[in-house]
Structure formats: structure tokens, C-alpha cells
Number of protein chains: 2
Amino acid sequence: MDLSKTGLIMVISGPSGAGKTTVITDVMKTIPGMKFSVSATTRPPRYHEADGISYYFISQTDFDELIEKDELLEWAEYAGNRYGTPIAPVLQSIKNGEVIVLDIDVQGALAVKQRCPDAIMVFISPSDPAESERRLRYRNTESEDKILARLEIARKESAYIGEYDYLVINDIFSEAVRCLSSIVIAEQCKIKKNISEATQC
Amino acid sequence: MDLSKTGLIMVISGPSGAGKTTVITDVMKTIPGMKFSVSATTRPPRYHEADGISYYFISQTDFDELIEKDELLEWAEYAGNRYGTPIAPVLQSIKNGEVIVLDIDVQGALAVKQRCPDAIMVFISPSDPAESERRLRYRNTESEDKILARLEIARKESAYIGEYDYLVINDIFSEAVRCLSSIVIAEQCKIKKNISEATQC
């Protein structure tokens, strides 16, 4: 019986203000080998950002090449910069038995699911959409326009919850952490019906 | 968004000596509304057994009637007595949002799965089959013949692990408890793809 830990891809989406990053970061403290995927981007690094840790900072040409060679799980453009998830490090993590977390929007999440049918799809959200708005405003880091744009995105994205495997309600932080860590542990106990399918991506 | 707890049927199998009952009982302490299904049996009660708690003690005629009316999820005969799982209390538990646990052998488990495709199938086992044997002998409650018979059943049953959803390895008790409780919590966070299917049984 093979008792090595199963590597997992976890795709996590949810509205801005849902507390995704805080919940995920807390779960990571208790689950060894669980970490964020590092995205590639054409955006220049900010002063505190290290290459290969915050992002892989690459040129437009290199990004084009990743797309051409089909080496991105998903990619998108925001404000003139491109962001994407390189496949190679994700596959390496799975091989190492790690839990690799992709914190991405619904569009990217659906692209990953299509490519990796074994990806675990988790949607994190407060039960009341108004709570996301309250948290966004409380953060006080963005203009009213940006907040309204984020809320509109959240409204549209929530229509896709049915495409996800799990819904983690983040009303009580400790409960959300307990749910997400349970999902990871349970998925590691899952009996793979088809090993070849489990390793494909 | 409906936040009521999802009722679940959990079918748990595993070799004698795997520590199933101890693990399940410990998990029940932390998960409200998780309880064992009560079986019906034609065996006469022992002195400490209360009707409706240990078992529903019923006559051969009543058992025949349950079978005829298709009101048992599964049933089997051991040593001249019949044992079965009545459907009605299981359905009531699910309706109440409870997690109802059926601790049954592989044959019964497969029958339940066929009838209730949403049942969560969990196999509990030590990683080394020799460990079950050691625990059975340590219990010192059964004759050598019975121990050998149990080990033979365990060997045959392990061929069906692929029919289960989850495998909980009980080498370290606290780890097994953590896995099983995670499975329950994770399953409660699952997004039902098809509500009508979720309630069918």
C-alpha cells in the first residue's frame, strides 16, 4: 500500500474581501508541503518583490513563448500586464507530494479544471455578499471605482459556484480554516479510482 | 445560500482489529449530529442491550416484512440471525442534517452504495495487515478459529478497497481520527452538483 502523501492542485477562488489569503495562509501553517503556486508576470517587480518568490518576472517575449509552447495552465491580462501559471513547477510540486494552491479568478480556475480534471476546486465566500463589500471598504486601500468594479466581478463570479467542488463559508474565521484544512486532509485520504488520471495534467 | 448542515450517510468498513469503532466514536465527540445507524436484528437481546439503542429487536416475521417491503438498505445473516439497516431512520437522520454512520462489511457497503449513490464510502485499515492480526490477538476475546476466519474475511475484503471513496490508515490513532473527522467536515462543504440526486436514497 503506497502511503506517500498525494500531491494535489487546489484552485481557490472567491470574491475580493472574502478573506481567501488569510484563511489559506493559516491552513498552510498546519499542513506541511502546502504552498502557493508562483505566477509568471510581465509586470515589473515592485521594490519588495523577489523573482521566483512573489512572481517569476519575465519579458513579453518569454511570456509569448510560454503561451506558444502551451506551458501555462491559465493566463490573463490585467491593466496591460499579463499573469499566468507555469505548468512545470506545479507538476513538480505534485510529484513531490505537495499541495499547490492557485489563488485565481473564476475564468482562470475553469481553464485549470479543464486542463487538470483532478484539481480540487474551492470557492471561499462569506454567506452574505454584503459582508465582502464591508470588508473591502474596511481595508480602505482602494478607490470607490475599484471597489464597485470588484463587487461587480464578485456578483458575476458567484454564478459559477456550481463549477466548484467545495464551498467554504468564511463568516467565522476559525470555522473557515477548519473547513479548508479538512478539505486538504480529506482529499489526501481519497482513493484514486484511476492512477493514470491522477497523474495527468 | 442554504447554510444548513448537509445530512450524510457514511458507510465505514475495514478489517476486524482495524480500530474502526474506537476511531468513529472519537470523531463523534467533536462532530455534533454524527451517530451510528441502529440495525434491526432477529437475534434476541443480551442482558445489557436496549431496544432501539443497541438494535431494533424484531421477530422473524417482521424482518421478512421489512425485506418484502424493500425497507432495508442492506441485510445479511450471521450464525442463524439476520441483521439489517432499516431505511426510514437513515432518511430521517439525513433530513435532520445528521451524519449517520453505518459500520458494515464490504458486501453490505456495496449494497448501500448501489441504493444511495451519495453515501460516503470509507475504508479504515492499518497499513500493515499483520497489525490487524496482532490487535485481534491482543483483544484476546476470540478463539483461534474465529481469529483465522476474521483474517480470511479481511484478506478477501481488502480486494474491494477500490470501491470506496476514502482510505483512512489507522497506524497512529490521532492521525486516523483527524482524517475521518476531516472527511466528514469536507463532505459537509461539498457543493451538491445535483440537489435531487443528493436527496435520493
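Strand S1 (residues 8-13) and strand S8 (residues 120-125) of chain B pair in the parallel sense, and four bridges link the two. Within this pairing, Met10(B) of the predicted model stands opposite Ile120(B) in S8(B). Strands of a sheet pair through backbone hydrogen bonds, in either a parallel or an antiparallel arrangement. In chain B, S1 and S8 belong to an open sheet of five strands with parallel pairing, ordered S2-S7-S1-S8-S9. The edges of the sheet are formed by strand S2 (34-36) and strand S9 (166-169) of chain B, each of which pairs on one side only. From one strand to the next, the twist averages 25 degrees.

The packing of helices may be followed in chain A. In helix H1 (residues 20-30) of chain A, the buried residues are Lys20(A), Val23(A), Ile24(A), Val27(A) and Met28(A). These residues lie on the same side of H1(A), because they cover an arc of only 135 degrees around the axis. The partners of the buried residues of H1(A) include four strands of chain A, namely S1 (8-13), S2 (34-36), S7 (99-103) and S8 (120-125). Helix H7 (173-189) of chain A is also among the elements against which the buried residues of H1(A) pack.

Helix H5 (residues 129-139) of chain A offers a second case, with Ser132(A), Arg135(A) and Leu136(A) buried. Seen down the axis of H5(A), the buried residues fall within an arc of 100 degrees, and they therefore line one face of the helix. The buried residues of H5(A) pack against helix H6 (144-157) of chain A. Just after H5(A) comes Asn140(A), which takes a positive phi of about 55 degrees.

Most residues other than glycine have a negative phi. Against that background, two loop residues deserve attention. Ala79(A), a residue other than glycine, has a positive phi near 50 degrees. Ala79(A) is found in the loop between strand S5 (72-78) and strand S6 (81-86) of chain A. With a relative accessible area of 82%, Ala79(A) is exposed. In chain B, Asp70(B) likewise is not a glycine and has a positive phi, here of about 60 degrees. The position of Asp70(B) is in the loop between H2 and strand S5 (72-78) of chain B. Its relative accessibility of 46% makes Asp70(B) partly exposed.

Helix H2 (residues 60-68) of chain B contains Gln60(B), which is partly exposed at a relative accessible area of 40%. The side chain of Gln60(B) makes a polar contact of 2.7 Å with the side chain of Arg82(B). Leaving aside neighbours within four places in sequence, Gln60(B) is in contact with Thr42(B) and Gly80(B) as well as Arg82(B). Between Gln60(B) and Ser93(B), by contrast, there are 26 Å in space from C-alpha to C-alpha, with a separation of 33 residues in sequence.

A further set of side-chain contacts centres on Glu49(B), which is found in the loop between strand S3 (40-41) and strand S4 (56-57) of chain B. Glu49(B) has a relative accessibility of 13% and so counts as buried, the limit for that class being under 20%. The side chain of Glu49(B) makes a polar contact with the side chain of Arg43(B) at 3.0 Å. The side chain of Glu49(B) also reaches a backbone atom, the nitrogen of Arg46(B), at 2.9 Å. When residues up to four places away in sequence are not counted, Glu49(B) touches Arg43(B), Pro44(B), Ser54(B), Tyr55(B) and Phe57(B).

The relation between the two chains remains to be described. Chain B is superposed on chain A by a rotation of 180 degrees with 0.0 Å of shift along the axis, at an RMSD of 0.0 Å. That is the relation of a two-fold axis. Ser182(B) is the residue of chain B that comes closest to the rotation axis, with its C-alpha at 2.1 Å. Of the interface residues of chain B, 100% are also interface residues in chain A, so the copies meet through the same surface.

Terms used
Residues numbered from 1 in each chain as written. Chains lettered and ligands numbered in written order. Predicted model: local features only at pLDDT ≥ 70, side-chain atom pairs only at ≥ 80, totals over all residues. Heavy atoms only, no water. Least-squares fit on C-alpha atoms with pLDDT ≥ 70 in both. Contact = heavy atoms within 4.5 Å. Buried < 20%, exposed > 50% of the residue type's maximum accessible area, 1.4 Å probe, protein only. Polar contact = N/O pair within 3.5 Å; in protein donor to acceptor, adjacent residues only side chain to side chain. Pairing = 2+ DSSP bridges. Axes fitted to C-alpha atoms, helices over the stretch in contact; angles between N-to-C directions. Arc of directions from axis to C-beta.
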